[in-house]
Amino acid sequence: MNFTGRQKVEVQGVFRLLSFVSLGLIFAVIIVGAFVSARGQGLSCSDWPLCPTGFSLSLGGEHFIEYVHRIIALIGAISVYVTTIYAIKRFVKARTAATITSIAVSFQIAIGMLVVLSELQPLIVAVHTGVGVLTLALALLTFILSYPVITGHPDSN
Ligand code: HEM
């Protein structure tokens with residue numbers, strides 16, 4: 001597909017917005033995950049994907065914070081997939097990074113399920129934390145790729 005200069009700028013802008021939203025959502029899931037953990041609430045929602053009492057989304061309800069973690073994870077994953085589809089179709093430069101981010105986020109959701117079903121087995125919790133950070137790094141790399149490459153040092157010209 002051949003883009004004009006103006007179309008290129010538009011595509012870059014859309015991609016930058018999508019990858020930024022994904023980055024922000026992954027960051028938010030990590031913060032909420034740390035909050036769940038620090039409050040010792042990791043075990044209180046012992047089923048997957050819903051908590052044992054079903055949807056209790058009232059503010060401050062029994063499983064509210066766990067649901068916030070899971071729902072932002074779901075929306076974040078959808079955002080990463082949309083970013084990847086857009087990269088594959090229109091922003092080829094970032095398609096490898098975006099695709100790897102999609103794989104990492106899918107893997108992370110599967111590990112999240114194992115965290116719950118294993119009743120917080122320490123090794124699985126550690127992997128969940130590590131892959132969460134890795135997913136953030138990949139989402140950041142994808143976002144950075146929305147900027148033009150700067151070649152050479154300005155002083156070297
Ligand atoms: C994008 C997806 C996700 C990311 C980036 C993410 C990241 C994190 C992080 C960083 C923590 C804090 C760990 C700690 O400080 O000890 C955490 C905790 C937790 N996450 Fe996730 N998470 C994701 C999805 C999920 C999903 C889908 C589930 C389950 C359905 C889940 C279940 C949990 C649980 C139960 C904890 C608390 C563990 C504890 O109490 O030690 N996570 N998550």
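**Exercise 1. The loop between α3 and α4**

Task: In this predicted model, determine where E119 is placed and whether E119 counts as buried or exposed.

Solution.
- Step 1. E119 has its place in the loop between α3 (95-117) and α4.
- Step 2. The cut-off for an exposed residue is a relative accessible area over 50%. E119 has 56% relative accessibility and therefore counts as exposed.
- Step 3. The backbone of E119 deserves attention as well: its phi is near 55°, a positive value in a residue other than glycine.
- Step 4. Most residues other than glycine have a negative phi.
- Step 5. L120 is also found in the loop between α3 and α4. The phi of L120 is near 65°, again a positive value in a residue other than glycine.
- Step 6. With a relative accessible area of 32%, L120 is partly exposed.

**Exercise 2. The iron site**

Task: Identify the protein donors of the iron atom of the ligand, and state which geometry its site has.

Solution.
- Step 1. The protein donors are NE2 of H69 and NE2 of H128, which lie 2.0 to 2.1 Å from the iron atom of the ligand.
- Step 2. The iron atom has six donor atoms, and the angles among them range from 85 to 180°. The site is octahedral.
- Step 3. H69 belongs to helix α2, whereas H128 belongs to helix α4 (residues 122-144). The two histidines are 59 residues apart in sequence, so the pair ties together separate parts of the chain.
- Step 4. The cut-off for a buried residue is a relative accessible area under 20%. At 18%, H128 is buried.

**Exercise 3. The loop between α1 and α2**

Task: Find which residues the disulfide joins, and state which peptide bond is cis.

Solution.
- Step 1. The structure holds one disulfide. The residues joined are C45 and C51, with an S to S distance of 2.0 Å.
- Step 2. The angle about the S-S bond is -100°, and the link of C45 and C51 is left-handed.
- Step 3. Both C45 and C51 are buried.
- Step 4. The peptide bond from W48 to P49 is cis, with omega near 5°. P49 lies in the loop between α1 and α2.
- Step 5. Most peptide bonds are trans.

**Exercise 4. A nonpolar surface patch**

Task: List the residues that make the nonpolar surface patch, and locate L57.

Solution.
- Step 1. The patch is made by L50, F55, L57, I71 and I75, and it covers about 440 Å².
- Step 2. L57 is placed in the loop between α1 (5-38) and α2 (64-90).
- Step 3. The relative accessible area of L57 is 42%, and this residue is partly exposed.

**Exercise 5. A salt bridge in helix α1**

Task: Name the partners of the salt bridge and describe their spacing along helix α1.

Solution.
- Step 1. Side chains of opposite charge can pair when their charged atoms come close.
- Step 2. A search of the whole structure finds one salt bridge. Its partners are E10 and R6, whose closest N and O atoms are 3.6 Å apart.
- Step 3. E10 and R6 are four residues apart in helix α1, so about one helical turn separates them.
- Step 4. Their accessibility can be read in turn: E10 is partly exposed, at 46% relative accessible area, while R6 counts as exposed, at 66%.

**Exercise 6. Chain overview and distances**

Task: State how many helices and strands the protein chain has, and give the C-alpha separation of V36 and L117 and that of A28 and G130.

Solution.
- Step 1. The protein chain has four helices and zero strands. From the N terminus on, the order of its elements is α-α-α-α.
- Step 2. Along the principal axes, the C-alpha atoms fill a box of roughly 60 × 30 × 25 Å.
- Step 3. The protein chain has 157 residues, of which 36% count as buried.
- Step 4. V36 is found in helix α1 and counts as buried, at 9% relative accessibility. The C-alpha atoms of V36 and L117 are separated by 16 Å, with these positions 81 residues apart along the chain.
- Step 5. A28 also has its place in helix α1 and is partly exposed, with a relative accessible area of 24%. A28 and G130 are 102 residues apart along the chain, and their C-alpha atoms are separated by 15 Å.

How values were computed: Residues numbered from 1 in each chain as written. Predicted model: local features only at pLDDT ≥ 70, side-chain atom pairs only at ≥ 80, totals over all residues. Heavy atoms only, no water. Disulfide = S-S within 2.5 Å. Buried < 20%, exposed > 50% of the residue type's maximum accessible area, 1.4 Å probe, protein only. Patch = residues over 30% accessible without salt bridge, like charges linked within 9 Å, V, L, I, M, F, W, Y side chains within 5 Å. Areas by Shrake-Rupley, 256 points an atom, 1.4 Å probe, with all protein chains shown as cover. Salt bridge = Lys/Arg side-chain N within 4 Å of Asp/Glu carboxyl O. Donors = N, O, S within 2.8 Å, 3.2 Å for Na, K, Ca; no water. Tetrahedral: all angles 85-135°; square planar, octahedral: opposite > 155°, others 65-115°.
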